[in-house]
Amino acid sequence: VYVEANHNRRDIFNYNPDNDHQVLKLSKITQPKFDQCTVENTNSRCQPIPIFLVGMPRSGSTLLEQMLCSHLSVFGGGELNFVEEFGGSMLIGKMSISRGNVKIFREKFMSETAQIAGGCKYIVDKMGLNFRFLPLIIAAFPEAKIIHLKRDPFANCWSLFKTYFAEDGLKFSYDLNDIVSFYNSYNELMNFFESHYSNRIIKVSYEKLVTATEVEISRIFENLNLVANENVLTPN
């Protein structure tokens, strides 16, 4: 049943895996350019401070967001499209990668999130595919918190295959070969980013999050300079 349904869904989109893999390649290729455009000495203090949950879809980001935004200082923004909308054109070459354009991206993102965060110190953006834009995010937001949530690859890929997505942004998820190929490319890219930005990325295992919840969530909140309370450990 899953195979037939996913096959039909894939045919609707006429999916070409090369398009996704090209974006992932560009993310690595353009990384040195973004590193040269880091925002420094900005007078515009970022409020709210973004917490970017990045990683594969179906890796536990909804659970972690619920835990985070159970704290009064954290607003759950859900899957925001601001990073790709305001900065994606730099990655694909439609806009030059410059410090000026990175600052413009920063200001647009801040303006949008400030309107929805209700005065909270932090706002969570759980758009997992933002891992493609990590060099831009790191260049634009020196103060941002970045959490890479990773799940067992077999469980993650199977969960993608058996889940129906109403939106059309996960076109790779309707064929097991496409899913595995995308996962491997994601994993390779994140290994590269984690080695390059080791001091900026908080690595979280989904399996540890659900089996050693108190330890993991306390570690995460320590990185946010917040104290986890009982509400965080038992989110609604």
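**Notes on the sheet, Tyr186 and a surface patch**

1. Let's start in the middle of things: Val54 has His148 as its bridge partner in E4. Keep in mind while you look around that this is a predicted model. Val54 belongs to strand E1, which spans residues 49-54. E1 and E4 run parallel and are joined by 4 bridges.

2. His148 is worth a second look, since this residue of E4 also turns up on the E5 side. There, the bridge partner of His148 is Lys203. Strand E4 covers residues 145-150, and 5 bridges join E4 to E5, again with the two strands running parallel.

3. Now zoom out to the whole sheet. What is the order of the 5 strands? Reading across, you get E2-E3-E1-E4-E5, in an open sheet with parallel pairing. At the edges sit strand E2 (74-76) and strand E5 (201-205), each pairing on one side only. From one strand to the next, the twist averages 25°. As a general reminder, strands of a sheet pair through backbone hydrogen bonds, either parallel or antiparallel.

4. If you want to see what packs on this end of the sheet, find helix H11, residues 213-223. H11 lies across E4 and E5, and its direction is at about 170° to E5.

5. Next, Tyr186, a residue of helix H9 (residues 176-196). Is this tyrosine buried or exposed? Tyr186 counts as buried because its relative accessibility is 1%, and the cut-off for buried is under 20%. Setting aside neighbours within four places in sequence, Tyr186 touches Leu24, Gly55, Met56, Phe131, His148, Leu149 and Lys150. So our friend His148 shows up here too, as one of the contacts of Tyr186. For a sense of distance, Glu207 is 21 residues away from Tyr186 along the chain, and their C-alpha atoms are separated by 19 Å.

6. Finally, a look at the outside. Which residues form a nonpolar patch on the surface? They are Tyr2, Trp158 and Leu176, with about 300 Å² of accessible area together. Tyr2 sits in helix H1, which runs over residues 2-13. Tyr2 counts as partly exposed because its relative accessibility is 40%, and partly exposed is the range between the under 20% of buried and the over 50% of exposed. Leu176, another member of the patch, falls in helix H9 (residues 176-196), the helix that holds Tyr186.

Key:
Residues are numbered from 1 along each chain as its sequence is written. This is a predicted model: local features need pLDDT of at least 70, side-chain atom pairs count only at pLDDT 80 or more; totals for chains, interfaces and linings use all residues. Side-chain values use heavy atoms; hydrogens and water are left out. Patches are made of residues with over 30% relative accessible area and no salt bridge: like charges are joined within 9 Å, nonpolar side chains (Val, Leu, Ile, Met, Phe, Trp, Tyr) within 5 Å. Accessible areas come from the Shrake-Rupley method with a 1.4 Å probe; for residues, only the protein chains shown count as cover. A salt bridge is a side-chain nitrogen of Lys or Arg within 4 Å of a carboxyl oxygen of Asp or Glu. Buried means under 20% relative accessible area, exposed over 50%, partly exposed in between (1.4 Å probe, protein chains only). Two strands pair if DSSP finds at least two bridges between them. Axes are lines fitted to C-alpha atoms, for helices over the stretch in contact, and angles run from 0 to 180 degrees between N-to-C directions. Contact means heavy atoms within 4.5 Å.
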